[in-house]
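Q: I am new to this structure and would like a close look at a single part of it. Please take one piece, go through what surrounds it, and then place it in the whole.

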Amino acid sequence: MSTIDANDTINNVIGDTAYATGNNTYYTEHKISNTHGCSVEFEGVTFPVAGTYSITPIFNEVIPGSKKVYIQYFKNGVSYIGQSGECKLTGAGTGATLEYCKIKFKESFGDEKTISLKSDSE
């Protein structure tokens with residue numbers, strides 16, 4: 001089961017999507033509702049390889065070979081950016097599992113949330 005834990009409130013993910021972007025990143029989105037969820041942008045334009053990626057709050061650092069990801073938590077039009085930590089990807093394709101645990105996210109006015117994600121693509 002795929003879940004997002006926001007400040008110790010567990011929410012079930014109801015839909016996942018993934019695609020290559022025009023920014024030369026591979027974008028995955030994990031939604032709790034149409035206006036609430038998390039996204040991860042990986043380096044490159046193909047499904048990322050399994051491994052551990054460093055979380056960066058600076059989008060421009062997500063370039064091929066960096067092993068960095070840019071993650072966001074969004075709710076009702078407000079976006080929070082992951083500050084640091086690790087994001088792990090195991091498996092590949094429909095058997096892949098993506099997870100990060102107790103990552104600090106900040107929005108532009110300084111509000112913070114602690115978010116965990118575990119999502120499989122099945």
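A: A strand here is a DSSP run of at least two residues marked E, and strands are numbered from the N terminus. Two strands count as paired if DSSP finds at least two bridges between them. The model is predicted. The part chosen is strand E4, which covers residues 25-33.

We start with how covered the strand is. A residue counts as buried when its relative accessible area is under 20%. In E4, 7 of the 9 residues are buried, so the strand is largely enclosed by the rest of the structure.

Next come the partners of E4. Strand E3, residues 15-20, is joined to E4 by 6 bridges, and the two run antiparallel. Strand E5, residues 36-43, also runs antiparallel to E4, with 8 bridges between them. The link from E4 to E5 is a hairpin through 2 residues. Within this pairing, histidine 30 stands opposite cysteine 38 in E5.

E3 and E4 form a hairpin as well, with 4 residues between the strands. Asparagine 24 is found in the loop between E3 and E4. Most residues other than glycine have a negative phi. Asparagine 24 is not a glycine, yet its phi is positive, at about 60°.

Across the pairing of E3 and E4, tyrosine 19 stands opposite tyrosine 27 in E4. The rings of these two residues also belong to a wider set, since a search of the whole structure finds 6 aromatic pairs. Tyrosine 19 and tyrosine 27 make up one of them, a tilted pair with 5.2 Å from centre to centre and 40° between the planes. Is each partner buried or exposed? Tyrosine 27 has a relative accessibility of 13% and therefore counts as buried. Tyrosine 19, with a relative accessible area of 41%, is partly exposed.

Another aromatic pair is formed by phenylalanine 59 and tyrosine 70, which meet edge-to-face at 5.4 Å centre to centre with 85° between the planes. Phenylalanine 59 lies in the loop between strand E6 (51-55) and strand E7 (68-75), while tyrosine 70 lies in E7, so this pair ties together parts that are 11 residues apart in sequence. Tyrosine 70 is buried, at 12% relative accessibility. Phenylalanine 59 is partly exposed, at 25%.

Phenylalanine 59 also leads back to the chosen strand. Leaving aside residues up to four places away in sequence, it touches Asn23, Thr25, Glu41 and Tyr70. Among these, Thr25 falls at the start of E4, whose residues are 25-33, and Glu41 falls within E5, residues 36-43. The C-alpha atoms of phenylalanine 59 and valine 69 are separated by 8.0 Å, though the two residues are 10 apart along the chain.

Two further details concern E6 and E7. Lysine 67 lies over the face of tyrosine 53, at 4.2 Å from the ring centre. Asparagine 76 is found in the loop between E7 and strand E8 (78-82). Its phi is near 50°, again a positive value in a residue other than glycine. Asparagine 76 counts as exposed, at 56% relative accessibility.

Finally, the whole. The protein has 0 helices and 11 strands, so E4 is one of a series in which the sequence reads β-β-β-β-β-β-β-β-β-β-β, with strands being DSSP runs. The radius of gyration is 13 Å, close to the 14 Å that the globule rule gives for 122 residues, so the protein is as compact as a globular protein of that length. Its C-alpha atoms fill a box of roughly 30 × 30 × 25 Å, taken along the principal axes. Of the 122 residues, 43% count as buried. Among contacts between residues at least 6 apart in sequence, 45% join residues at least 24 apart. The protein exposes about 6400 Å², and carbon and sulfur atoms supply 50% of that area.

Notes
Residues numbered from 1 in each chain as written. Predicted model: local features only at pLDDT ≥ 70, side-chain atom pairs only at ≥ 80, totals over all residues. Heavy atoms only, no water. Buried < 20%, exposed > 50% of the residue type's maximum accessible area, 1.4 Å probe, protein only. Phe/Tyr/Trp six-rings, centres within 6.5 Å; stacked < 30°, edge-to-face > 60°. Lys NZ or Arg CZ within 6 Å of the ring centre and 35° of its normal. Rg over C-alpha atoms; globule rule 2.2 N^0.38 Å. Contact = heavy atoms within 4.5 Å. Areas by Shrake-Rupley, 256 points an atom, 1.4 Å probe, with all protein chains shown as cover.
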